[in-house]
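Trainee: Could we go through this structure together? I have the sequence and the model open and would like to ask as I go.
Mentor: Of course, go ahead.
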Amino acid sequence: MKGPAERCRDGVNKRVLLVLVNRLTRTLVKGVTRDIQPQGSLFKQLRPTLERRASRRVLKNPEVRFVALGMAPLAVPVTAGYMEEPWVWDTNAKSPAAELSSCKQAVYFHIDPVVESQGTAGVRGTKGFTQGEHYWEIVFLEPPYGLSVMLGIGTPQALLHAGNYTYIDLLGKDCESWGLSYKGFLWHGGRCRRYTEPFYDKRTVMGVHLDLTEGTLTFFRNGESLGPAFTGLDKVRSPLYPMVCSTAAGTELQVGVRRCRLPSLQESCLCTVSRSLMNGASADSLPLPQAVRGLLKHLSGSTTHALTTTSLDT
């Protein structure tokens, strides 16, 4: 009887074999279809078989993937008081070139065994955030490559697809989303700036911390904070959703840890008062205890940090 280690090795070997078979099939079919009409009877006969082979890559239980690859979700780099937040990827808010696992925690981009990537595909989570703190992790099941693989956040109006061989950094293409490319650049409003070193490694775990009390978005790499990426997000009036996108064929991303901490009644009241203060108004003028005015000053000054949503230089 095989031990756990041998079973893990067998699982990895089977997966590698499936990938090789898939790539070989793609190459052979391309060779065949070059000599016949793409919509001919042979293509139509092959298509269902090829789709079934491609679907084998979409594991029904992503947790098995972690065990087989010797992976484990990292400890959450946030303080105590956080609770589970069970959102998943949204089947109704994704690109046609994105496929989801049955539990909707894993997303696979451009996996058609016949047609290569024809543009940029994205997907967003099922839950939008309007208050509190939220943390989640994105695991790169394969090494990122190509023009763009990104993670970040976006409003309900954020782009989810760019076809016709349009390869772009989709998150941050406009003012409806904020993204980080695997090449280390932040994007928002069509502009970018260097934020961190590129990450090319398989099994890289990228954490995303969205604090809608402070209005900040911070990224983590393998549990280490990379510092504030964007501020001023507390001014956004639309819900903000987790998002990922890719231009590269075979990109596989898994959402791991998901935590949240909702504000207390006191924190909610302070934020409401702080946002109601007009520009230039001072908390000192309010008939409130000194301690409360001090908290309001802190909240009012929290949006003056170095990076803002409009501080990205081309």
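Trainee: Which residue stands opposite Val244 in strand 15?
Mentor: In this predicted model, the residue opposite Val244 of strand 15 is Leu151. Leu151 falls within strand 7, residues 149-154, which pairs with strand 15 in the antiparallel sense over six bridges.

Trainee: And what sense does the pairing of strand 5 with strand 15 have, and over how many bridges?
Mentor: Strand 5, covering residues 120-125, pairs with strand 15 in the antiparallel sense, over four bridges. One of the bridge partners is easy to find on screen, since Ala121 is matched with Ser246 in strand 15.

Trainee: How many residues of strand 15 are buried?
Mentor: Six of the six residues in strand 15, which runs over 241-246, are buried, so the strand is mostly covered by the definition of under 20% relative accessible area.

Trainee: Which residues point which way from strand 15?
Mentor: Tyr241, Met243 and Cys245 point one way, while Pro242, Val244 and Ser246 point the other way, and all of them are buried. In a regular strand, side chains alternate between the two faces of the sheet.

Trainee: Cys245 caught my eye there. How many disulfides does the model have?
Mentor: The count comes to zero disulfides. As for the surroundings of the cysteines, Cys245 is buried, with a relative accessibility of 0%, whereas Cys175 is exposed, with a relative accessible area of 55%.

Trainee: Changing topic: where does Ser95 lie, and is it buried or exposed?
Mentor: Ser95 lies in the loop between strand 2 (89-94) and strand 3 (98-100). Ser95 is buried, because its relative accessible area is 1% and buried means under 20%.

Trainee: What does the side chain of Ser95 make a polar contact with?
Mentor: The side chain of Ser95 makes a polar contact with the side chain of His161, at 2.7 Å. Leaving aside neighbours within four places in sequence, Ser95 is in contact with Ala121, Gly122, Leu160 and His161. You will remember Ala121 as the bridge partner of Ser246 in strand 15.

Trainee: What about the aromatics, how many pairs are there?
Mentor: The count comes to seven aromatic pairs. One of them is Trp87 with Trp136, which is edge-to-face, with 5.9 Å from centre to centre and 85 degrees between the planes. Trp87 lies in the loop between strand 1 (83-84) and strand 2, and Trp136 lies in strand 6 (residues 133-140), so the pair ties together parts that are 49 residues apart in sequence.

Trainee: Are those two tryptophans buried or exposed?
Mentor: Trp87 is buried at 1% relative accessibility, and Trp136 is buried with a relative accessible area of 1%. Another edge-to-face pair is Tyr195 and Phe219, at 6.0 Å centre to centre and with 70 degrees between the planes. That pair links distant parts of the chain, 24 residues apart, with Tyr195 in the loop between strand 11 (191-194) and strand 12 (205-211) and Phe219 in strand 13 (residues 216-221). Both Tyr195 and Phe219 are buried.

Trainee: Which residues form the aromatic cluster?
Mentor: Trp87, Trp89, Phe129 and Trp136 form one aromatic cluster.

Trainee: On to the backbone. What is the phi of Lys104, and where is that residue found?
Mentor: Lys104 has a positive phi of about 65 degrees although it is not a glycine, and Lys104 is found in the loop between strand 3 and strand 4 (106-109). Most residues other than glycine have a negative phi. Lys104 counts as partly exposed, at 29% relative accessibility. His110 also has a positive phi, near 55 degrees, and His110 is placed in the loop between strand 4 and strand 5. At 6% relative accessibility, His110 counts as buried.

Trainee: Last one: what is the mean pLDDT, and where does pLDDT stay under 50?
Mentor: The mean pLDDT of the protein is 77, and 68% of its residues reach 70 or more. pLDDT stays under 50 over residues 16-21, for which the model has one contact beyond four places in sequence. Residues 302-314 also stay under 50, and for that stretch the model has 34 contacts beyond four places in sequence.

Note on methods. Residues are numbered from 1 along each chain as its sequence is written. This is a predicted model: local features need pLDDT of at least 70, side-chain atom pairs count only at pLDDT 80 or more; totals for chains, interfaces and linings use all residues. Side-chain values use heavy atoms; hydrogens and water are left out. A disulfide is a pair of cysteine sulfur atoms within 2.5 Å. Buried means under 20% relative accessible area, exposed over 50%, partly exposed in between (1.4 Å probe, protein chains only). pLDDT is the predictor's confidence in each residue, from 0 to 100. Contact means heavy atoms within 4.5 Å. Helices (H or I, at least four residues) and strands (E, at least two) are DSSP runs, numbered from the N terminus. A polar contact is a pair of N or O atoms within 3.5 Å; within protein, one must be able to donate a hydrogen and the other to accept it, and residues adjacent in sequence count only if both atoms are side-chain atoms. Two strands pair if DSSP finds at least two bridges between them. Rings of Phe, Tyr and Trp (its six-membered ring) pair if their centres lie within 6.5 Å; planes under 30 degrees apart count as stacked, over 60 as edge-to-face and the rest as tilted.
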